[in-house]
Structure formats: structure tokens, C-alpha cells
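The following exercises concern salt bridges, burial and the packing of secondary structure in a single model. Each task is followed by a solution in steps.

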Amino acid sequence: MAPPLEATPEKAPAEGASSSLYRLLAKNPPRALAADLTRVRLAAGEVLFRAGGPGDALYLVVYGRLRALLEHGREEPTVLGEIGRGESVGEMALLTGDPRSATVCAIRPTELIRLDRAGFDRLVDEHPAVTLELTRLIVDRYRRTLLPPEADRPATIALVPSHPDVPLGRFTRRLTEALEAHHTLLHLSSDRVAQMRERADPDDPELLAWLHAKELEHGGLIYEADATPTPWTRLCTRQVDTILVVGSLSENRPPDPRLLKAIGRDSWKVGPRRELVLLRSAASGLPTLTDRWRSWIRSDDHHHVDPDRDGDMERLARLLAGEARGLVLGGGGARGLAHIGVIRALEEAGLVIDRVGGTSIGAMIGAQYASGWSPERMREENRRAFIEQGPLNDYTLPVFSVLRCRRYVGLLGALFGERRIEDLPLGFFCTSTNLTRGELMVHRSGLIRRWVRASTAVPGLGPAVYHDREVLVDGGALDNLPTGVMRDEGRGPVYAVSVSPEQELELDGDYSDMRSPWRHLLDRANPFAKPARVPNIATLLLRTVSLPVLESGEKGREAADLVFRPPVERYRLLDWSAMDELIEIGYRTAVSVLEKGA
């Protein structure tokens, strides 16, 4: 049986991190409830309760961290959220009487206060306001499930080298300095702990209590592991919410297997979050072979960092702190050239973008930006690609599509070559629509040219992309502004650029719906005739694809923290020749929005 609350007094979490329910039960519990409050201790990976179990108690986290999972049989569970110190879990089942709706397990060693149903009933009778507080907590948790909170970041991080010769000490000091712009942190290594305490035995229970006290005092800890899998290294990986495995692209060899064993091979769903940091230098050029590193070390995310560039360290700090800016670029044909103007305005305003994603033309521009291209380079490369080369003019026998797209495929090869998404210096994703399964596909790895092609493959206009016996087409067919994908990463505020109008294709006159295509072509060739401005097959296909996603576009804008909507309605979907005007409109729109926001 767990000890009663008074048996192991602990310092409570910082006031800002705890709920009023925690303050009532943990800091000043009613005397009548003291016998009902017990301590529960969980090891990393241990399950607190499983979905379907009885809702017989609620729990308050004293220290540590929990993860809520939705299990799907043999498939990997879905992460619903995390519960940190000062927060409660299990209250919904107590209020409703229903079985547990999720499985909850410990990410790292965790201590909780348990209140059983009988004690809960007495608490509600004596303190009716508790019911209102629990209702608020449930609503807040539901909101956080839909929109993961950026500020709720892990409090402890361990840095583990992939090889003993990785310069981990210098990197850890630089990262700590960058993170201190966002949070108060304490950097601990085995040497520093030995200096601060007479005894630094990782198996000493007093050391664990001391580390817990330091976490409460400073708000967070950064553990620097040893260069070899010592007891201190193993303690670091047991005591944290996130493990950063630091490797070097110059060391193209598998990680030390002893260190891999130290960080564990269990599913990340029930252990600390694992992220891979790959160190590079300016002299080594753009990153390569990231896919090989990701096959060596299973991770939830990866980062390319030049430790000598302040910008790279600051970006990593923002990502870890949940204050990184994500930019999502929507689809809209040639109108998407306005994205370039918005990016230029953001750069001039000093608003650094840390991640970028998009669909259709937004995937094309987003991949260019994630490649490190400047707005000016994007302008010139796209001018050459879409205006001078005319890749969308190679019509073919319309059996599979209106366009053959050989020129377009060649264009993508010229723009991106053999570069892969995971090698980009800036985090990037693009989306496509899986017609086989009827779902949105998110591409975060693989050849850029292949997945940008899938993201821009308008059904009927260009040929679909076939992958693993499935058919992929334009991502805008399901979600023309995938802000939800970026929001789900939980890295920080999301900016969005929407260039798809709700109304278009208004004719400039009355035309017969049986108009002869031959007459139309003759009028276009006749310099003395006024050609009818009626949509061609390509324009009709583009617009038809965009109709089902008008509602999703509105949802995408609602999910963004800041939205730019350049007024590009008067431009047609294939008006590539209006590039300079579209870029200028995007720029002026973004400047106006940013000035109002300031």
C-alpha cells in the first residue's frame, strides 16, 4: 500500500505550474481527507492505469511526467497529450463514472498524490467549487488535445553523444545559453554534480531527491551525459522528458552501441521523447545522409545544427522551448507566387521562420525556402522555371491527364536534384492526397522532387504519382492550408498564407455553353478579334479540385495564430506571367498585417 501523504513531504511545484486543485490537496489538504491521500511512485515506462479500467481515483503529479495514450490493438498508440507536475489526471472517470478512456504511463520517474473515490466524494461535499475546477481542467485538457500547447514543454533534457569524441560539453553550454532566453535552467554534468555535492553516486536516493529539488528550484534541468555509458549517463536518460542524441555528420559511422543501449530501445510512446541533433559545419556544405542516421537512431525529430552559428542554436532553443515559428503555405496555382513576397516581408521584419510546410504551389515554394533560398533567388528560379521554360504547356492525349508533365518533372529535377527532405537545413513537410485510402499524406522524408510533384499533381490536369500501389494527387484536394499538421507538432505559433479565393471564374460577358473550341482558338490567334475570357480545361480542373476544400481552408485559417490573405482574386490560376505583381501584392499585404500587429 502506498504511504499516506504526510509520510513523504515534498516541496510543491512552482505556483505557476500547479492547478488550484493541486494547491488545495497537496499544499494545504483538508484534515478530514489526509487519510485518503496517498503517494504513488512510478518508474519510467510504468503504467498508471489502462483504458477500460475502473475510474476509482484521481491523481496529481508532484514531480515527473506522464503521457496519455490511445491504444489501437497491435498498432502504435496515438499520443493524446502529456501531464506535468502540478496537473491532475483521472478526474473525468470520477465525474462521469465511466471506465478510463486512455492509458496513462510515466515518461520518467514520477511521484503522484492519489485521491480515491470515497475521498473525492467527501471533497466535493465540503468544497463544491472543486467540481467547477475539475470541469475547467477537463475542458482545458480537451482543448489541448485539439490544439497542443506550445508553452507546455518538457522540463528536463538529457544530451547524449553518439560517439565519445562528439564535443558534447561545448555544445551543451551553448545550448543552455540559448535556452536561458526562454526558461531558467540548470546545466548538470557528472563533474558539476561532484563539485556541488560531496557524494555523487547515481544510485544514491539522496542524489535523486537533490536533483528533484533542483528541478523545482530552477524550473528545468539540462543533463550532460558522459562520453561513455557510465552510471551517470544511465541516470541522465532515466530522469528526463527528452533525450537529445548528438551526432556529427563528419563522423559517418554507426553510433556507439553501448550508448544506444544506454538511451534504450523501447517505444518512444512510453519513454522519453528522442530527438536527433546532427552537428555540421559551414565548410561541410548542406547536410547529407540524414536518412542513414535516422536508421541508426530511432527519433521523433531531427535537427541540423552548426554550433558556430548563433542562428542555428537559437532555432534549436526555440524548438525545444515551444516558441518556434512555423509557416504554412497554401495552394492556389500561380497565385502562390505571392508566398515569396510574404516571406520577404517576414525576413525584413526580423521574424525568423523555424519550420515550413505547404501543399500544392505552397509545397514548391516551401521546399525552396527550406533549402535556404533567399526571396530573390526564389523569384529568379521560378521566373526561369514557369515563365521562360513553360513547363505546363506540354499537352498530351488526355487518357491519364491533360498534361504529359515531362517538362515539369524535369523542372523539379533541375530545382531540387537528388536532395531529400530530411537533409534540408530547415524542417519541412508537404502534403498529398491519397486517393486509394481517402486520406491526407504528410511527407517529411524522401526525395523533394518526388513529393513536391505528388503535392502539385492536380487530378486530371497532371498525372498522379504511384507509391506503394497507391495513387497520390494534389494535397489541396483534401486540405488546401494544412496548418493542423504544423499545429500538431506543438513547436510554437503558426503563421499561414492563404491564396485561394472563395469566388472566381466570373465571366466578362454572356457566352454560349456550346462554344466551339475551334472558334475559340481562331479568335485567340486573330490579332483583331477580342478573345473570350472563358476558363479552359486546366483552369476548370484546378478550380474543381479547390471547391471541396473551401471549408477546410477556413478551418486552416482558424487554426493559425497569424494569417496573411493577399488579394489575388483577379489573377487566374495559371497567370505565371504576373509573377512580379503577385510577389509585390504578397509583400504589401504582409507588411500591412505586421504593422497592424505591432
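A residue counts as buried under 20% relative accessible area, as exposed over 50%, and as partly exposed in between. The model is predicted, and side-chain atom pairs are counted only at pLDDT 80 or more.

**Exercise 1. Classify the two partners of the salt bridge between Arg65 and Glu82 as buried, partly exposed or exposed.**

Solution.
Step 1. The side chains of Arg65 and Glu82 form a salt bridge with an N to O distance of 2.7 Å. Arg65 belongs to strand 3 (residues 57-72) and Glu82 to strand 4 (residues 75-83), and the two residues are 17 residues apart.
Step 2. Arg65 has a relative accessibility of 5% and therefore counts as buried.
Step 3. Glu82 has a relative accessible area of 22%, so this residue is partly exposed.

**Exercise 2. Determine which elements are linked by the salt bridges Arg318 to Asp354 and Arg383 to Asp580.**

Solution.
Step 1. Between Arg318 and Asp354 the N to O distance is 2.7 Å. Arg318 lies in helix 11 (residues 310-321), whereas Asp354 lies in the loop between helix 12 (338-348) and strand 14 (355-359), 36 residues apart. Both Arg318 and Asp354 are buried.
Step 2. For Arg383 and Asp580, the closest N and O atoms are 2.8 Å apart. Because Arg383 is in helix 14 (residues 375-388) and Asp580 in helix 21 (residues 579-597), this pair ties together parts 197 residues apart in sequence. Asp580 has a relative accessible area of 37% and is therefore partly exposed.
Step 3. Salt bridges with shared partners also join Arg273, Glu275, Asp301, Arg355, Arg444, Glu489 and Arg491 into one network. The structure holds 38 salt bridges.

**Exercise 3. How many residues of helix 12 are buried, and which elements do they pack against?**

Solution.
Step 1. Eight of the eleven residues of helix 12 are buried, which leaves the helix mostly covered. They are Ala338, His339, Ile340, Gly341, Val342, Ile343, Ala345 and Leu346.
Step 2. The buried residues of helix 12 pack against strand 13 (326-329), helix 13 (361-370), helix 14, strand 19 (494-497), strand 20 (562-564) and helix 21.
Step 3. After helix 12 comes Gly350, with a positive phi near 75°.

**Exercise 4. Describe the relative orientation of helix 12 and helix 14.**

Solution.
Step 1. The axes of the two helices are 9 Å apart, and the packing angle is about 165°.
Step 2. An angle over 145 degrees counts as roughly antiparallel. Helix 12 and helix 14 are therefore roughly antiparallel to each other.
Step 3. The crossing of helix 12 past helix 14 is left-handed. Helix 12 contributes Ile340, Ile343, Arg344 and Glu347 to the contact, and helix 14 contributes Pro375, Met378, Arg379 and Asn382.

**Exercise 5. Establish the strand partners of strand 19 and the burial of its two faces.**

Solution.
Step 1. Strand 19 pairs with strand 13 in the parallel sense over four bridges. In this pairing, Leu329 stands opposite Val497.
Step 2. Strand 19 also runs parallel to strand 20, to which three bridges join it. Here Ala496 has Val563 of strand 20 as its bridge partner.
Step 3. Val494 and Ala496 on one side of strand 19 are buried, as are Tyr495 and Val497 on the other, so that both faces are covered under the 20% limit.

Technical notes
Residues numbered from 1 in each chain as written. Predicted model: local features only at pLDDT ≥ 70, side-chain atom pairs only at ≥ 80, totals over all residues. Heavy atoms only, no water. Salt bridge = Lys/Arg side-chain N within 4 Å of Asp/Glu carboxyl O. Buried < 20%, exposed > 50% of the residue type's maximum accessible area, 1.4 Å probe, protein only. Contact = heavy atoms within 4.5 Å. Pairing = 2+ DSSP bridges. Axes fitted to C-alpha atoms, helices over the stretch in contact; angles between N-to-C directions. Parallel < 35°, antiparallel > 145°, perpendicular 65-115°, else oblique. Left-handed = near helix turned anticlockwise from the far one by under 90°.
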